[in-house]
Amino acid sequence: MISLPQLPPPVGPGDRVGVAALSGPVDPVRLEAGLAELRRLGLTPVLADNLLARSANGLFAGEDAERLAAFHRLAAEPDLPAILFARGGYGVPRILPWIDWDLLRRYPRAYVGYSDLTPFLLEVVRRLGLVAFHGPMVAVELARGLVAEEETSFLEALAGLYPLSLPFRSWLRPPREAVSGPLLGGCLSLLTATLGTPWAADLEGALLFWEDVNEPLYRIDRQLTHLRLSDSLGRIAGMIVGHVDAGAVAPEVDWPARVAEGLAGLDFPVAWGMDSGHRQPNRTLPLGLSAWMENDDHRLWLGRG
């Protein structure tokens, strides 16, 4: 990455924000709860017209063309400073080749989501030169109600209140000196799913964040090995690991030890325990923004470096 993306226009109370569905079918009860939470935060939701649609196979919030057209209609509204996604699941990779990036470029705005949205958000960074937000979704975290640290992080991100810092728990491998680079990444399974395609993330010089849950140890190890064999990890500046687990009924795993084992021989610092991703709390991370970590604290600094 040669030049750093710019923050999108700030979003705050009184603004209209879009709610889109590019992935799995959306539960109407959870959707209504999430919309109520947006209104509590002072935001006025504007809904894509496929939010309650369902594809014939039951996997998606409408057929591919339906999801894409509804998203483009929403994105064509000029007075939406943000579009939030209802949920993840699966569906975004199927429509990536047909997203109208010229349309999206016409109206710079914040995009907020994670999980299945990972490749879309990274394309916003790469193609539009805008910071995109790995953060809560309407029918997921907003539906259950944001906990205090999630709400603070979400609102600060939308308002563009950088620089700021977020804590992580420990170092798996501390840096010898301060390290910096654009913050990139997302859900590990989506980072590997796009390898070998035009939508694979360019991670050179980045601080790579990843998270994934309900994945047994062998799958996490396989995905990290896939990134390693593709040389995606060969030129990163550092790594930050978010929520990771094998699910509630899985055997106990010493995740820090196993991840460190899988990364043995790679010479970059690794921070462990950033509270972002599929578990609570899900702090909002600005993908593409300059980031910085020092060896004498356990914080990721955002917007400096």
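Let me start with one pair of side chains, those of R16 and D79, which meet in a salt bridge at 2.7 Å, N to O, where a salt bridge is a side-chain nitrogen of Lys or Arg within 4 Å of a carboxyl oxygen of Asp or Glu. This pair links distant parts of the chain, with R16 in strand 1 and D79 in the loop between helix 2 and strand 3, 63 residues apart; helices (H or I, at least four residues) and strands (E, at least two) are DSSP runs, numbered from the N terminus.

Before going on, I should say that this is a predicted model, in which local features need pLDDT of at least 70 and side-chain atom pairs count only at pLDDT 80 or more, while totals for chains, interfaces and linings use all residues. Residues are numbered from 1 along each chain as its sequence is written, and side-chain values use heavy atoms, with hydrogens and water left out.

R16 also meets the side chain of E77 in a salt bridge, at 3.6 Å, N to O. E77 lies in the loop between helix 2 (64-75) and strand 3 (82-85) and R16 in strand 1, so this pair ties together parts that are 61 residues apart in sequence. At 29% relative accessibility R16 counts as partly exposed, and so do E77 at 26% and D79 at 43%; buried means under 20% relative accessible area, exposed over 50%, and partly exposed in between, with a 1.4 Å probe and protein chains only.

Now to S23, in the loop between strand 1 (16-20) and helix 1 (28-40). Is S23 buried or exposed? At 1% relative accessibility, S23 counts as buried, and its side chain makes a polar contact with the side chain of D116 at 2.6 Å. A polar contact is a pair of N or O atoms within 3.5 Å; within protein, one must be able to donate a hydrogen and the other to accept it, and residues adjacent in sequence count only if both atoms are side-chain atoms.

Finally, the domains: the assignment, which is automatic or from a database, gives domain 1 (16-159) and domain 2 (164-302). They bury about 2300 Å² between them, 64% of it on carbon and sulfur atoms, buried area being the accessible area (1.4 Å probe) that two parts lose on being put together, summed over both. In domain 1, L122, R126 and H134 lose the most area to domain 2, together 26% of what that side buries. Between the domains the count is zero salt bridges, but eleven residue pairs are in polar contact, both at pLDDT 80 or more.
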